[in-house]
Amino acid sequence: QVQLVESGGGLVQAGDSLRLSCAASGRAKSIRVMGWFRQAPGKERESVAGISWSGGSTYYPNSVKGRFTISRDKAKNMLYLQMNSLKPEDTAVYYCAAGLKLTVPYEYDYWGQGTPVTVSS
């Protein structure tokens, strides 16, 4: 089992920045990929970033490319999401996820409880 706990969400204004953190514990050494997802009210969950745990390869959808940056600290088993130039449409609950296999596309086995982000205009 892998436990994931997100933090760092909050209320910000459009144009502001925010950094989310995700602490992994349990079988953290088995993690091969991690990612961030978000789900806005009434919408489906969408991926906003992914990273291979070992090599650090990243991917982003066009909706956040250039504004969001995913990173990890392997020694601390921490995952981060730096979000810049936030827009009201970025408002959602953000989830951290971890996968135990390196597949393409990435697949995830464990999820955190989510941290809410609200961007006011």
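These are my notebook entries on a predicted model, taken one topic at a time.

**Entry: the open sheet**

I began with the strands. Four of them, in the order 1-3-8-7, make up an open sheet with antiparallel pairing. Strand 1 (2-7) and strand 7 (68-73) are the edge strands; each has a single partner strand, so one side of each has no neighbour in the sheet. I also looked up the twist: neighbouring strands here are turned by 20° against each other on average, direction ignored.

Inside this sheet I followed one pairing. Strand 3 (residues 18-26) and strand 8 (residues 78-83) run antiparallel and are joined by 6 bridges. Which residue of strand 8 is the bridge partner of Cys22? I found Leu79 there. A reminder to myself: strands of a sheet pair through backbone hydrogen bonds, either parallel or antiparallel.

**Entry: strand 9 and its partners**

Next I turned to strand 9 (92-99). This strand is mostly covered, as 6 of its 8 residues are buried. I then listed pairings that involve strand 9.

- Strand 4 pairs with strand 9 over 7 bridges, in the antiparallel sense; Trp36 has Cys96 as its bridge partner in strand 9.
- Strand 11 (residues 115-120) pairs with strand 9 over 3 bridges, again antiparallel; Ala92 has Val117 as its bridge partner in strand 11.
- Strand 10 pairs with strand 9 over 2 bridges, also antiparallel; Ala98 has Tyr110 as its bridge partner in strand 10.

**Entry: Glu6, a buried acid**

Glu6 caught my eye next. Glu6 sits in strand 1. What does a buried Glu6 have for a partner of opposite charge? I found no salt bridge: the nearest side chain of opposite charge is Arg45, 9.4 Å away. A salt bridge needs a side-chain nitrogen within 4 Å of a carboxyl oxygen, so I looked for backbone partners instead.

There I found two. The backbone nitrogen of Gly114 is 2.9 Å from a polar atom of the Glu6 side chain, and the backbone nitrogen of Gln113 is 3.1 Å from a polar atom of that side chain. I also checked what Glu6 touches, leaving out residues up to four places away in sequence. Gln113 and Gly114 are on that list, and Gly112 and Thr115 are there too. The list also holds Ser21 and Cys22, then Trp36, and finally Tyr94, Tyr95 and Cys96. Two of these names are familiar from the strand entries: Cys22 is bridged to Leu79, and Trp36 is bridged to Cys96.

**Entry: the salt bridges**

How many salt bridges does the whole structure hold? My search of the whole structure gave 3. I took them one by one.

Glu46 and Arg38 form a salt bridge, with the closest N and O atoms 2.6 Å apart. Glu46 is partly exposed at 32% relative accessible area, whereas Arg38 is buried at 5%.

Asp90 and Arg38 also meet in a salt bridge, at 2.9 Å from N to O. Asp90 is in the loop between strand 8 and strand 9, and Arg38 is in strand 4 (residues 33-39), so this pair ties together parts 52 residues apart in sequence. I checked Asp90 for burial as well, and at 1% relative accessibility it counts as buried.

Asp90 forms a salt bridge with Arg67 too, where the closest N and O atoms are 2.7 Å apart. This pair links distant parts of the chain, since Arg67 is in the loop between strand 6 (58-59) and strand 7, 23 residues from Asp90. Both Asp90 and Arg67 are buried. Put together, Arg38, Glu46, Arg67 and Asp90 are linked in a network of salt bridges.

**Entry: backbone oddities**

I closed with the backbone. Most residues other than glycine have a negative phi, and most peptide bonds are trans, so I went looking for exceptions.

- Val104 and Pro105 are joined by a cis peptide bond, with omega about 0°; Pro105 is in the loop between strand 9 and strand 10 (110-111).
- Asn77 has a positive phi, near 55°; Asn77 belongs to the loop between strand 7 and strand 8 and is partly exposed, at 22% relative accessible area.
- Ser85 has a positive phi, near 50°; Ser85 is in the loop between strand 8 and strand 9 and is partly exposed, at 41% relative accessibility.

Key: Residues numbered from 1 in each chain as written. Predicted model: local features only at pLDDT ≥ 70, side-chain atom pairs only at ≥ 80, totals over all residues. Heavy atoms only, no water. Pairing = 2+ DSSP bridges. Helix = DSSP H or I, 4+ residues; strand = E, 2+ residues; numbered from the N terminus. Axes fitted to C-alpha atoms, helices over the stretch in contact; angles between N-to-C directions. Buried < 20%, exposed > 50% of the residue type's maximum accessible area, 1.4 Å probe, protein only. Lys, Arg positive; Asp, Glu negative; His and termini not counted. Polar contact = N/O pair within 3.5 Å; in protein donor to acceptor, adjacent residues only side chain to side chain. Contact = heavy atoms within 4.5 Å.
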